[in-house]
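User: I would like to learn how to read a structure like this one. Please take it feature by feature.

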Amino acid sequence: MESKDLFFADADSSFDKAQFVILGVPFDGTCSFRKGARFAPKSIREESYNLETYLFDHDIDLEDVPFHDLGDVKCESLENMMGGVGRSVGDILEKGKFPIIIGGEHSLTPPSVRKFENVGVIILDAHLDFRDEYLEERNSHACATRRVSELVGIENVLTIGVRSMEKKEKEEGDKLGLKYIDASKLKKLGIKKALENIEWKSIYLSIDMDFFDPSYAPGVGNPEYFGLSPLDAKECIDILAPRLVGFDITEVSPPFDNGNTSSLAARLIREVIAVVWKAHKKLK
Ligand code: MN
Ligand code: MN
């Protein structure tokens with residue numbers, strides 16, 4: 001772990017007492033366009049201080065929820081980052097806690113997902129991320145969904161909000177049976193309908209911030225218009241909450257942001273903590 005000067009707001013629990021553990025991954029080594037995701041964990045932590053602890057629509061106060069910020073994984077190289085993410089997520093899961101990973105770029109998702117057993121993965125992303133390799137790198141952020149599908153089985157992956165892909169990756173995805181709902185179809189269907197046939201009992205949720213329209217989230221590595229809204233993502237989190245076992249949020253690029261993308265990422269992290277806490281408490 002590297003030292004950090006700022007914790008995520010209200011993460012005042014010790015590691016041992018925490019139910020949720022936040023982990024930063026300041027890495028953007030394979031970013032292909034607007035680099036800067038390495039600054040996102042810090043920026044998202046900073047923006048978290050603007051937000052109220054009380055989430056009125058769930059009647060949950062985050063002051064009552066024990067969560068811990070573990071700091072940042074060392075990210076000296078792609079391999080170093082992947083190893084660090086795997087070890088840290090493994091430790092968090094071994095202690096029975098819920099990992100929340102703040103990227104960094106989307107290439108952190110496969111080493112995180114690798115640590116889960118019997119899990120379905122739902123990815124919110126403008127991109128298919130299904131290239132077998134990109135710029136001769138199989139672990140590029142442009143290959144994240146492909147690598148995840150190899151880890152958990154392609155039948156256990158669903159990507160929603162897609163609106164950008166190359167012809168070859170679409171053909172390969174179709175051939176291998178990748179399930180995805182494109183942005184226009186998702187808008188017509190609505191989140192509730194789109195998720196109604198999901199049968200996985202345990203779900204890992206990965207949000208690539210370019211899922212959102214750039215009018216909501218301008219500070220991302222690869223912006224794509226015709227995207228979805230923050231309320232769509234909130235609805236998705238709220239529906240999946242009882243089954244969520246892990247969460248990551250990636251691809252914020254602070255040098256291209258006006259603050260709002262980091263702010264939205266911070267708000268979504270707080271939504272996940274609140275609704276998963278509430279759902280798990282109900283089960284007890
Ligand atoms: Mn992605
Ligand atoms: Mn993307």
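**A buried threonine**

Analyst: Thr109 has a relative accessibility of 1% and therefore counts as buried; buried means under 20% relative accessible area, exposed over 50% and partly exposed in between, with a 1.4 Å probe and protein chains only. This is a predicted model, in which local features need pLDDT of at least 70 and side-chain atom pairs count only at pLDDT 80 or more, while totals for chains, interfaces and linings use all residues. Residues are numbered from 1 along each chain as its sequence is written, chains are lettered from A and ligands numbered from 1 in the order in which they are written, and side-chain values use heavy atoms, with hydrogens and water left out.

User: Which element holds Thr109, and which residues is Thr109 in contact with?

Analyst: Contact means heavy atoms within 4.5 Å. Helices are DSSP runs of H or I with at least four residues, strands are runs of E with at least two, and both are numbered from the N terminus. Thr109 sits in helix α3. Apart from neighbours within four places in sequence, Thr109 touches Val148, Tyr204, Ser206, Asp248 and Thr250. With Ser206 there is also a side-chain polar contact of 3.4 Å; such a contact is a pair of N or O atoms within 3.5 Å, where within protein one must be able to donate a hydrogen and the other to accept it, and residues adjacent in sequence count only if both atoms are side-chain atoms.

User: How do I read a metal site, and which residues coordinate the manganese ion (ligand 1)?

Analyst: Look for donors, which are N, O and S atoms within 2.8 Å of the metal (3.2 Å for Na, K and Ca); water is not among the atoms, so sites may look incomplete. For the manganese ion (ligand 1) they are His106 (ND1), Asp125 (OD), Asp129 (OD) and Asp208 (OD), at 2.1 to 2.2 Å. Their spacing along the chain is H-x18-D-x3-D-x78-D. His106 is in the loop between β5 (98-103) and α3 (109-113), and Asp125 in the loop between β6 and α4, so this pair ties together parts 19 residues apart in sequence. His106 and Asp125 are both buried.

User: What are the protein donors of the manganese ion (ligand 2)?

Analyst: Asp125 (OD), His127 (ND1), Asp208 (OD) and Asp210 (OD), the last listed twice, lie 2.0 to 2.5 Å from the manganese ion (ligand 2). The spacing here reads D-x1-H-x80-D-x1-D. Asp125 bridges the two manganese ions, ligand 2 and ligand 1, which lie 3.3 Å apart. Distant parts of the chain are linked: His127 belongs to the loop between β6 (120-124) and α4 (144-152), and Asp210 to the loop between β9 (203-208) and α8 (230-240), 83 residues apart. His127 is buried at a relative accessible area of 13%, and Asp210 is buried at 2%.

User: How should I read the sheet, and in what order do its strands lie?

Analyst: Start with pairing: two strands pair if DSSP finds at least two bridges between them. Here eight strands form an open sheet with parallel pairing, ordered β4-β1-β5-β10-β9-β6-β7-β8. At the edges are β4 (67-72) and β8 (179-182), each paired on one side only. On average, neighbouring strands are turned by 15° against each other, direction ignored.

User: Where does β1 stand in terms of burial?

Analyst: Strand β1 (residues 20-25) has six of its six residues buried, so it is largely enclosed by the rest of the structure. Phe20, Ile22 and Gly24 are buried on one side, and Val21, Leu23 and Val25 on the other. β1 runs parallel to β4, joined by four bridges, with Gly24 partnered by Asp72. Towards β5 there are six bridges, also in the parallel sense, and Val21 is partnered by Pro99.

User: How is helix α4 placed against the strands?

Analyst: For such angles, axes are lines fitted to C-alpha atoms, for helices over the stretch in contact, and angles run from 0 to 180 degrees between N-to-C directions. α4 lies across β6 and β7, at about 160° to β7. Seven of the nine residues of α4 are buried, among them Arg146, Arg147 and Val148. Their cover includes α3, β6, β7 and α5 (167-176). Just after α4, Gly153 has a positive phi of about 95°.

User: How many disulfides does a search of the whole structure find?

Analyst: A disulfide is a pair of cysteine sulfur atoms within 2.5 Å, and the search finds zero. For Cys143, the nearest cysteine sulfur is that of Cys31, 13 Å away. Cys143 is buried, at 0% relative accessibility.
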